[in-house]
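Me: I would like to go through the terms used for this model and see what each one rests on. Please set the values against the cut-offs.

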Amino acid sequence: MILVTGGAASGKSAHAERLLCERARGARLYLATMEPFGAAAWARIERHRALREGKGFETAERPMDLAGWTLNRHYDGILLEDLGNLLANELFSPEGARETAFDSILAGVNRLQTCCETLVVVTNEVFSDGLPYPEDTVRYVETLGRLNAALAARADAAYESVCGILLPLKGGKTQ
C-alpha cells in the first residue's frame, strides 16, 4: 500500500496515478469516491477523467461502504481517490456509517488490499490552516488525521505532494 497526501490542487492525484501505473502493469481500477454536488465537483471529476484517459483504468464509483462492496475480480492495482471525500460521505450522508466511519473505512481499505497487488490511497492535508471550525468540521478533521496516521503506519510507502513536487515521507524514494 502507498499513501499519497497533499493539499488541494497539489498534484497528488497525478502522482498517485503515476505511482500505480509504474507498479501495476495489468488490470487497474480507479475507485472514485466523490459525490458530485455542483458545478465545481463536476469540473474536478471531468479533469480527473481526462488525466487518466488512456492509462488503462477501469473506473468504479463507490462513495460509501467500501467494506460491504464485492469486487468481481482481482486487480494488479487499485487507486482509491480519495479518502477525504469518502470520509465526508460516511460522516455526513444519511446513508453513511456516521459514528462508525473510522472503522468502516479501515475495514474497506483492508478489503481493497485483498483484491489487488498494489493499493494507492490518495488523502488530503487539511490540518495546517489553524482556523476555528464548527464541531462537525473538527470531527471530520480529527477523524481524517486518525485515518491518515493509521494508513501511514501500515503503508509500505507514503508521500506528500507539495506544489507538484512529490516528497517521500516513508519508504519511498524521491520521484
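Me: Why are α4 and α5 called roughly parallel to each other or oblique?

Reply: This is a predicted model, in which local features need pLDDT of at least 70 and side-chain atom pairs count only at pLDDT 80 or more, while totals for chains, interfaces and linings use all residues. Residues are numbered from 1 along each chain as its sequence is written, and side-chain values use heavy atoms, with hydrogens and water left out. α4 and α5 pack at an angle of about 30 degrees, and their axes are 10 Å apart. Axes are lines fitted to C-alpha atoms, for helices over the stretch in contact, and angles run from 0 to 180 degrees between N-to-C directions. Angles under 35 degrees count as roughly parallel, over 145 as roughly antiparallel, 65 to 115 as roughly perpendicular and the rest as oblique. α4 and α5 are therefore roughly parallel to each other.

Me: What makes the contact between α4 and α5?

Reply: On α4 the residues are Phe 102, Ile 105, Leu 106, Val 109, Asn 110 and Gln 113, and on α5 they are Thr 143, Arg 146, Leu 147, Ala 150, Leu 151 and Arg 154. Contact means heavy atoms within 4.5 Å. By class, these residues divide into 7 nonpolar, 3 polar and 2 charged. Ala, Val, Leu, Ile, Met, Phe, Trp, Tyr, Cys and Pro count as nonpolar, Asp, Glu, Lys and Arg as charged, and the others, Gly among them, as polar.

Me: How do you know where helices such as α3 (residues 83–92) and α4 (residues 101–113) lie, and why is α3 oblique to α4?

Reply: Helices (H or I, at least four residues) and strands (E, at least two) are DSSP runs, numbered from the N terminus. The axes of α3 and α4 come within 10 Å and cross at roughly 135 degrees. That angle makes α3 oblique to α4. The residues in contact are Leu 83, Leu 86, Leu 87, Glu 90 and Leu 91 of α3 with Ala 101, Ser 104 and Ile 105 of α4. They comprise 6 nonpolar, 1 polar and 1 charged.

Me: Why are α3 and α5 called oblique to each other?

Reply: The axes of α3 and α5 come within 10 Å and cross at roughly 130 degrees. α3 and α5 are therefore oblique to each other. α3 passes α5 in a right-handed crossing, where right-handed means that the near helix is turned clockwise from the far one by less than a right angle, and left-handed that it is turned anticlockwise. On the α5 side, residues of this contact include Tyr 140, Leu 144 and Leu 147.

Me: What makes α3 mostly covered?

Reply: In α3, 8 of its 10 residues are buried, buried meaning under 20% relative accessible area, exposed over 50% and partly exposed in between (1.4 Å probe, protein chains only). Among the buried residues are Leu 83, Gly 84, Asn 85 and Glu 90. Their cover includes α4, β5 (116–122) and α5 (135–154).

Me: Why does Cys 115 count as buried or exposed, and why does Cys 163 count as buried or exposed?

Reply: Cys 115 has 12% relative accessibility, so Cys 115 counts as buried. Cys 163, at 74%, counts as exposed.

Me: How do you know that Cys 115 is in no disulfide?

Reply: A disulfide is a pair of cysteine sulfur atoms within 2.5 Å. The structure holds 0 disulfides. For Cys 115, the nearest cysteine sulfur is that of Cys 116, 7.1 Å away.

Me: Why is Ser 161 called buried?

Reply: Ser 161 has a relative accessible area of 1%, so Ser 161 is buried. The residue is found in strand β6 (residues 157–162). Leaving aside neighbours within four places in sequence, Ser 161 has contacts that include Thr 5, Lys 12, His 15 and Leu 166.

Me: What makes the backbone at Asp 65, Arg 98 and the bond from Glu 81 to Asp 82 worth a look?

Reply: Most residues other than glycine have a negative phi, and most peptide bonds are trans. Phi of Asp 65 is near 55 degrees, a positive value, and Arg 98 has a positive phi of about 55 degrees. The peptide bond from Glu 81 to Asp 82 is cis, with omega near -5 degrees.

Me: Why do Asp 65 and Arg 98 count as partly exposed?

Reply: Asp 65 has 35% relative accessibility and so counts as partly exposed. Arg 98, with a relative accessible area of 33%, is partly exposed. Arg 98 has its place in the loop between α3 and α4.
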